Structures are given as structure tokens and as C-alpha cells.
Amino acid sequence: MPENLQNFIEPILGKAATTFIGEGASYWIFLLIWIVFGLKNGNKSLLVGTPIIANWLTIMIATPVAFQYRYVLGTVVAVPIFFGMLMVSAGSANKEISS
């Protein structure tokens, strides 16, 4: 890589690496959102999160390095998606109550 391009990219990537939440924290946040989602929408809605739980179980069993972004990227990406799903389900429940 050309040196001037490398000097341009390194500070950007250095900042990006520190702005993400940690791998373990993303699992805890996902777990909390997943449980609340299940309580609000019933047990069948918990099936949506089973791939993330399966990923976590696989990581705990198979890898010596438990948490690195290449292994848990799905969870880091899923946290905002599940939060949005939780907000949408809460909003639709509020509409049903007010009707």
C-alpha cells in the first residue's frame, strides 16, 4: 500500500475500532433485548434470536479466542436490528391498547 494512502487510512481505522462496543457487551445487550422481546411478544418470537445464541454456543465450544469481531460480527450487527424490532413491537402494542 502506498505510504501516503496508509497514513490517510490508519487514523480513520484507529478511531473506528474504539467506537464500537465490546464483544461481550454486545452479547449482554442482545440477551437483554432478546428476553424483553420474548416477554412482550411470546415465546415463539424468541426463535428470531436463535442464530445468535447458536453462534455464541459455537464460539464458546470451538474457538480458543472467544471474542473477536470476526467471530461475533453477527451479534454486533444484530443488536441495533433487535432493538428496532423491540421498538416496533412496543409501538404496535401501544396502538392496539389505544384503539
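**Helix 2 and its aromatic cluster**

In this predicted model, helix 2 buries E23, S26, Y27, F30, I33, W34, F37 and G38. These residues span an arc of only 135° around the axis, which places them on the same side of helix 2. The other side of helix 2 carries W28, L32, L39 and K40, which are exposed. The helix itself comprises 19 residues and reaches 27 Å from its first C-alpha to its last, close to the 27 Å expected at 1.5 Å a residue. After helix 2 comes G42, with a positive phi near 95°.

A useful place to begin on the buried side is S26, a residue of helix 2. With a relative accessibility of 0%, S26 counts as buried, because the cut-off for that class is under 20%. Once neighbours within four places in sequence are set aside, the contacts of S26 are I21, T75, V76 and V79.

The aromatic residues come next. Two aromatic pairs are found in the structure. One of them joins F30 and W34 in a stacked arrangement, with 6.1 Å from centre to centre and 15° between the planes. Both residues belong to helix 2 and sit four residues apart, about one turn of the helix. F30 and W34 are both buried. F30 also pairs with F82: the ring centres are 5.0 Å apart and the planes lie at 85°, so this pair is edge-to-face. Here the pairing links distant parts of the chain, since F30 is in helix 2 and F82 is in helix 4, 52 residues apart. Both F30 and F82 are buried. Taken together, the ring pairs link F30, W34 and F82 into a cluster.

The wider setting is the nonpolar core. The largest such core contains 13 residues, and those with the most contacts inside it are Y27, F30, I33, I52, V72 and F82. Two or more residues each are contributed by helix 2 (23-41), helix 3 (50-62) and helix 4 (69-98). Helix 4 supplies the largest share of this core, six residues. F30 and F82 thus appear twice in this account: they form the edge-to-face pair, and they are among the residues with the most contacts inside the core. Y27 and I33, likewise among those core residues, are also buried in helix 2.

Key
Residues numbered from 1 in each chain as written. Predicted model: local features only at pLDDT ≥ 70, side-chain atom pairs only at ≥ 80, totals over all residues. Heavy atoms only, no water. Core = buried A, V, L, I, M, F, W, Y, C linked by side-chain atoms within 4.5 Å. Buried < 20%, exposed > 50% of the residue type's maximum accessible area, 1.4 Å probe, protein only. Expected span 1.5 Å × (residues − 1). Arc of directions from axis to C-beta. Contact = heavy atoms within 4.5 Å. Phe/Tyr/Trp six-rings, centres within 6.5 Å; stacked < 30°, edge-to-face > 60°.
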